[in-house]
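Biologist: I am new to this structure and would like to understand how its descriptive words are earned. Could we go through them together, setting each value beside its cut-off?

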Amino acid sequence: MGQTAVWILGDQLPENHPALQAAEAEAGKENVRVLLVQSQARTHKQPYHRRKLVLLFSAMRHYAAELRARGYQVDYLKAPTFGAGLRQFVQEQQPDRLFTMAASEFNGRSFQQHQLASIVGIPVTLLPNTQFLVGQYDPYPNQNNDKKVVMENFYREMRRHFDVLLEDGEPAGGEWNYDKENRKSLPKEIELPDLPRFEPDSVTQEVMDEVAASDHGIGVVDGFDLAVTRQQALAAFDDFLAHRLPNFGAYEDAMTERHATLFHSVLSPYLNIGLLEPLELIEGAAMAYTAGDAPINSVEGFVRQILGWREYIYWQYWRQMPKLVEQNSWEAKRPLPDFFWSADTDLNCLRHVIERAIGAGYNHHIERLMVLCNFCLLAGIEPMAVNSWFLAHYIDAYEWVMLPNVLGMGLNADGGQTATKPYIASANYINKMGDYCGGCRFNHKQRHGEDACPFSFLYWNFLLQHEEILRANPRLGPNVLGLRYLDDDERTAVRHQAQQFLQNL
């Protein structure tokens with residue numbers, strides 16, 4: 001028997017890779033040869049954050065080394081494209097067939113389904129993607145795409161199926177969702193724990209030097225300290241369970257100048273490339289609740305981020321693709337402001353959040369949703385421009401998560417398929433949930449006027465502009481009814497100031 005090849009994608013680094021297992025079962029380990037390709041074309045698809053590139057390439061190289069230590073033959077190729085790398089590999093190694101796992105993204109999977117076999121010239125076995133739980137169980141298998149599926153209902157179905165946080169079939173603590181307990185503002189005296197640091201080894205340092213030497217990307221590699229192996233990622237998870245999970249729930253929606261990550265797990269970069277598995281995180285958090293180490297609102301909130309939000313977003317991505325990229329239900333056409341690339345803005349909240357994105361490649365979910373996307377929705381920024389910015393800046397960004405999250409949840413551009421309402425808010429919300437407003441030159445209390453915060457007059461302008469549509473949404477009724485407090489003069493003032501601000505963007 002000749003060699004059997006296994007092509008492993010860079011964001012598919014689980015400990016037990018299904019393509020590897022299938023190939024080994026069929027051909028025996030001694031006849032399996034593994035390929036990882038670092039594609040220059042894929043690297044240059046966006047001006048990606050340099051920390052993300054270091055994370056990805058270092059994790060790939062460590063993964064290759066671990067496979068070699070387990071007795072596999074492994075080729076790690078740098079190539080102009082995936083196709084070029086695959087051709088070179090097949091030409092040099094002459095395998096009889098190829099196993100691979102379905103890509104998480106639409107274009108990658110289309111390439112595997114329609115072009116891969118002709119490129120390699122040998123039989124290809126494409127195995128299902130195992131990095132998402134909806135790959136194992138679809139709660140709505142025959143769902144008509146015109147009918148909306150609410151995330152809360154999706155989440156409960158997933159909880160029931162995977163038997164998570166259930167006691168005799170009922171939700172632990174008596175409630176399915178503890179979101180109402182997870183909106184506390186941050187006390188001034190509370191201690192905010194730092195994330196664990198992982199010192200770069202020689203492999204990571206080599207990658208850092210390569211990425212730094214390239215003129216491509218955002219941010220710098222200096223200070224890189226992310227986990228790049230499964231063992232390090234597991235250590236990061238243990239650190240979260242011990243030091244941040246107990247307070248995660250209560251302050252899940254809080255924002256502060258003082259600290260970038262608060263009690264968030266910051267495990268998404270590792271989960272999204274397969275170093276961690278969704279069910280092991282869910283079960284680990286559930287065990288912390290059972291052991292009395294973390295309260296139910298924190299554990300349920302964390303479980304909902306993975307079993308609810310992450311799985312739902314992935315499900316929505318495949319449900320709506322490829323048309324999702326064209327969605328623009330609010331007809332937003334304004335270009336993305338330049339300050340998104342420089343953080344040069346008088347808005348204190350936006351400046352801090354964008355500086356963090358440029359510096360570390362990370363913001364927690366409320367900063368992404370209620371500062372960045374909120375601003376872009378209120379300002380009428382073109383959805384795919386916002387999506388490209390998110391893809392470029394974040395260390396956990398991949399198309400399957402950003403498209404439905406930014407276009408669907410953040411900008412409500414998909415006609416409400418993903419979220420039941422647009423997530424819009426004035427400066428009052430930002431002031432309530434954070435401390436940015438205290439250090440800002442704008443006044444969060446004013447609707448209009450020289451010192452009024454743009455979030456406020458843009459918010460009221462959006463309500464005025466789309467009043468008829470918004471009134472029809474039962475979840476937005478009270479917000480729209482607030483327009484009755486604006487007389488004709490104030491409506492005119494709000495509209496005028498919003499128009500002037502948007503023209504100057």
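Biologist: What makes helix α17 (residues 383-393) count as mostly covered?

Modeller: This is a predicted model, and in it 8 of the 11 residues of helix α17 are buried. The word buried is used for a relative accessible area under 20%, and the residues of α17 that meet this cut-off are Pro383, Val386, Asn387, Trp389, Phe390, Leu391, Ala392 and His393.

Biologist: What covers the buried residues of α17?

Modeller: The cover includes α3 (50-69), α14, α15 (348-360), α16 and α18. Two residues of α17, Trp389 and Phe390, also belong to a cluster that ring pairs build from Phe339, Phe340, Phe375, Trp389, Phe390, Tyr394, Phe455, Phe457 and Phe501.

Biologist: Why is α16 called roughly perpendicular to α18?

Modeller: The axes of helix α16 (residues 365-378) and helix α18 (residues 399-410) come within 10 Å and cross at roughly 65°. Angles of 65 to 115 degrees count as roughly perpendicular, and therefore α16 is given that description with respect to α18. The crossing of α16 and α18 is right-handed, and the contact is made by Arg368, Leu369, Cys373 and Leu377 of α16 together with Met402, Met409 and Gly410 of α18. Sorted by class, this contact of α16 with α18 holds 5 nonpolar, 1 polar and 1 charged residues.

Biologist: How do you know that α13 is roughly perpendicular to α18?

Modeller: The axes of α13 and α18 cross at roughly 90° and come within 8 Å. Since the range for roughly perpendicular runs from 65 to 115 degrees, the conclusion is that α13 is roughly perpendicular to α18. On the side of α13 the contact is made by Trp309, Arg310, Ile313, Tyr314, Gln316 and Tyr317, and on the side of α18 by Glu399, Trp400, Val401, Leu403, Pro404, Asn405 and Met409. The residues of the contact of α13 with α18 divide into 9 nonpolar, 2 polar and 2 charged.

Biologist: Why is the pair of phenylalanine 248 and phenylalanine 302 called edge-to-face?

Modeller: A search of the whole structure finds 30 aromatic pairs, and in the pair of phenylalanine 248 and phenylalanine 302 the centres are 6.4 Å apart, with 90° between the planes. Ring centres must lie within 6.5 Å for a pair, and planes over 60 degrees apart count as edge-to-face, so the values of phenylalanine 248 and phenylalanine 302 satisfy the conditions for an edge-to-face pair. Phenylalanine 248 lies in helix α10 (residues 245-248) and phenylalanine 302 in helix α13 (residues 296-320), so the pair ties together parts that are 54 residues apart in sequence. Both phenylalanine 248 and phenylalanine 302 are buried.

Biologist: What makes the pair of tyrosine 251 and phenylalanine 263 tilted?

Modeller: The ring centres of tyrosine 251 and phenylalanine 263 are 6.0 Å apart and their planes stand at 35°. Stacked would need an angle under 30 degrees and edge-to-face one over 60, so the pair is tilted. Tyrosine 251 and phenylalanine 263 are 12 residues apart, and each is in the loop between α10 and α11 (268-271).

Biologist: How do you know that tyrosine 251 and phenylalanine 263 are buried?

Modeller: The cut-off for buried is under 20%; tyrosine 251 has a relative accessible area of 12% and is therefore buried, while phenylalanine 263, with a relative accessible area of 2%, is buried as well.

Biologist: What is notable about the phi of leucine 262, and is leucine 262 buried or exposed?

Modeller: Most residues other than glycine have a negative phi. Leucine 262 has a positive phi of about 50° although it is not a glycine, and its place is in the loop between α10 and α11. Its relative accessibility is 0%, so leucine 262 counts as buried. Valine 266, found in the loop between α10 and α11, likewise has a positive phi of about 50°, and at 8% relative accessibility valine 266 counts as buried.

Biologist: Why is valine 32 called buried?

Modeller: Valine 32 lies in strand β2 (residues 32-39), and its relative accessible area is 0%, so it is buried. Leaving aside neighbours within four places in sequence, valine 32 is in contact with Thr4, Val6, Leu20, Ala23, Glu24, Tyr72 and Gln73.

Notes: Residues are numbered from 1 along each chain as its sequence is written. This is a predicted model: local features need pLDDT of at least 70, side-chain atom pairs count only at pLDDT 80 or more; totals for chains, interfaces and linings use all residues. Side-chain values use heavy atoms; hydrogens and water are left out. Axes are lines fitted to C-alpha atoms, for helices over the stretch in contact, and angles run from 0 to 180 degrees between N-to-C directions. Helices (H or I, at least four residues) and strands (E, at least two) are DSSP runs, numbered from the N terminus. Angles under 35 degrees count as roughly parallel, over 145 as roughly antiparallel, 65 to 115 as roughly perpendicular and the rest as oblique. A crossing is left-handed if the near helix is turned anticlockwise from the far one by less than a right angle, and right-handed if clockwise. Contact means heavy atoms within 4.5 Å. Ala, Val, Leu, Ile, Met, Phe, Trp, Tyr, Cys and Pro count as nonpolar, Asp, Glu, Lys and Arg as charged, and the others, Gly among them, as polar. Buried means under 20% relative accessible area, exposed over 50%, partly exposed in between (1.4 Å probe, protein chains only).
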